[in-house]
Amino acid sequence: MVPGIAYFLVFHYGALFGNVIAFKEYIPFEGLWVSPWVGFDNFERMFTDADFWHSVTNTLVIALLQLAFFFPVPLALALLLHSLTSDLLRRFVQSVVYLPHFLSWVIVVALFQQVLGGTGLLNDVLGDAGLHTVHIIGNPDAFQPLVVAQVIWKDGGWGTIIFLAALMQVNEELYESAALDGAGPWRRFWHVTLPQIRPIIILLLLLRIGDILSVGFEQMLLQRDAYGPEAAEIIDTFVYYQGLLQGDFGYAAAAGLFKGVIGAVLVYTANKVAHRLGEQGIYK
C-alpha cells in the first residue's frame, strides 16, 4: 500500500498547499512566498468573467448528460453479463467490453474521427449508397452527445466490475423463493436484485456526484480546437489555458479551487441525503 499512499500524499494532499497561489499574483520567477498577495481579487475577477461561467455551464450540461446516460450503462451491462449461463460466453463478452478502457483518449478520439469524420467510414457508406452525408465531427451541436457516446463506449464495460461483484453476492435462494411465489424476471429484479445492490448503487452515485465537475480533461482538450471553445470549453480546459498557456497562474488556481470546493460541498450534501434515506453513504 505504500506506493499508493505516497501518491495521494504527494500529488493530492500535498498539492493542496499550492492553492495559496489563488490568493496571489503568482510569478514563477519570484517564487511562491515572494509573489504579491492580492486576497480575493482573482475570485472577484473570476465571478465577473463570462468565459468562466460559460465553461461552468458546459461542464454542468455534459456532467448531467453523463450522469443520466452513462451511469446506468454499467449496471445494465452487469445485469446482462450476470444473466449469461455460459462462463465462456460471459468471459468473452467481458473481455470485449473491458478492452476500450485500456485505450488512451488520443486513440479513442482518433477512432471516432475515422468513423464519424467528414471523410470517415460512415460518410463513405452513406455516399456510396447515394444518401446525404452527416456532419458530426466539428459540428458544435453534435459535441455533447458525441462525448457522452465516447465515454459510454470507452468506460461502460469497465464500470461493470463493481456491479458484477455486488450481483455475485446476492443469495440465489432469494431468486428461487421469488420464482416459486410467481415473480417474473422484472419483479425479481425489482424486489430482489435492486434492494440487494442498492447500497453499491448509492455509493457509486455519491462518488460520481462528488466528481461531477470532472468530465474528462484529455477528452475535451483533444477536441476543443475542432469544435471551438463555445462547445468544448470546460472548467479543466479553462484552467489549463489560463494557467499554463497564458501564464495567469493565480487566476487559474482560483478557478480550480472553486471547482474543488463545489465538489466537496456536493459530496457532503449527497452523503447527508443518503443518510436521510437510510443508506450508509461514503462515511457516517
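# An all-helical model and its two main pockets

Twelve nonpolar, six polar and three charged residues make up the lining of the largest pocket. Here Ala, Val, Leu, Ile, Met, Phe, Trp, Tyr, Cys and Pro count as nonpolar, Asp, Glu, Lys and Arg as charged, and the others, Gly among them, as polar. The model is predicted, so local features need pLDDT of at least 70 and side-chain atom pairs count only at pLDDT 80 or more, while totals for chains, interfaces and linings use all residues. Residues are numbered from 1 along each chain as its sequence is written, and side-chain values use heavy atoms, with hydrogens and water left out.

## The chain

The chain has 15 helices and zero strands. These elements are DSSP runs numbered from the N terminus: helices are H or I with at least four residues, strands are E with at least two. Along the principal axes, the C-alpha atoms fill a box of roughly 75 × 60 × 35 Å. Of the 284 residues, 37% count as buried. Buried means under 20% relative accessible area, exposed means over 50%, and partly exposed lies in between (1.4 Å probe, protein chains only).

The accessible surface comes to about 16800 Å², and carbon and sulfur atoms hold 67% of it. Such areas come from the Shrake-Rupley method with a 1.4 Å probe; for residues, only the protein chains shown count as cover. Take the contacts between residues at least 6 apart in sequence: 63% of them join residues at least 24 apart. A contact means heavy atoms within 4.5 Å.

## Two pockets

Rolling a probe the size of a water molecule over the atoms shows where empty space is left. The search runs on a 1 Å grid over the protein atoms alone. A cavity is a set of points where a 1.4 Å probe fits but cannot get out; a pocket is an open set with protein on both sides within 12 Å along at least five of seven lines. Lining residues have an atom within 4 Å of a point. Points are joined across faces, edges and corners, and a volume is the space filled by probe spheres set on them.

The largest pocket holds about 620 Å³ of space. It is lined by 21 residues, and Phe70, Asp155, Gly159, Arg208 and Asp211 are the closest to its centre. Helix H8 (143-155), helix H9 (160-168) and helix H11 (185-210) each supply at least two lining residues.

The second largest pocket has a volume of about 430 Å³. Its lining divides into eight nonpolar, four polar and no charged residues. H1 and helix H15 (249-276) each give at least two of them. H1 gives the most, with four. Among the lining residues are Phe8, Phe11, Ala253 and Leu257. Phe8 sits in helix H1 (residues 2-13). Beyond residues up to four places away in sequence, Phe8 touches Tyr13 and Gly14.

## Helix faces

Which residues of H9 are buried? They are Thr160, Phe163, Leu164, Ala166 and Leu167. They cover an arc of only 160 degrees around the axis, so they sit on the same side of H9. The arc is that of the directions from the helix axis to the C-beta atoms. Their cover includes helix H4 (72-83), helix H5 (87-98) and H11.

Thr193 lies in helix H11. Its contacts, leaving aside neighbours within four places in sequence, are Leu79, Leu167, Tyr175 and Arg188. The C-alpha atoms of Thr193 and Leu167 are separated by 7.5 Å, with their positions 26 residues apart along the chain.

Helix H12 (residues 217-227) buries Gln219, Met220, Gln223, Arg224 and Tyr227. These fall within an arc of 140 degrees seen down the axis, so they line one face of H12. Helix H3 (50-69), helix H6 (105-116), H8, helix H13 (229-232) and helix H14 (235-245) are included in what covers them. Just after H12, Gly228 takes a positive phi of about 90 degrees.

## Four residues compared

| Residue | Place | Relative accessibility | State |
|---|---|---|---|
| Phe8 | helix H1 | 42% | partly exposed |
| Thr48 | loop between H2 and H3 | 66% | exposed |
| Thr193 | helix H11 | 5% | buried |
| Gln246 | loop between H14 and H15 | 56% | exposed |

Two of these residues also give C-alpha to C-alpha spans. Thr48 and Ala68 are 20 residues apart in sequence and 30 Å apart in space. Gln246 and Gly182 are 64 residues apart in sequence and 66 Å apart in space.
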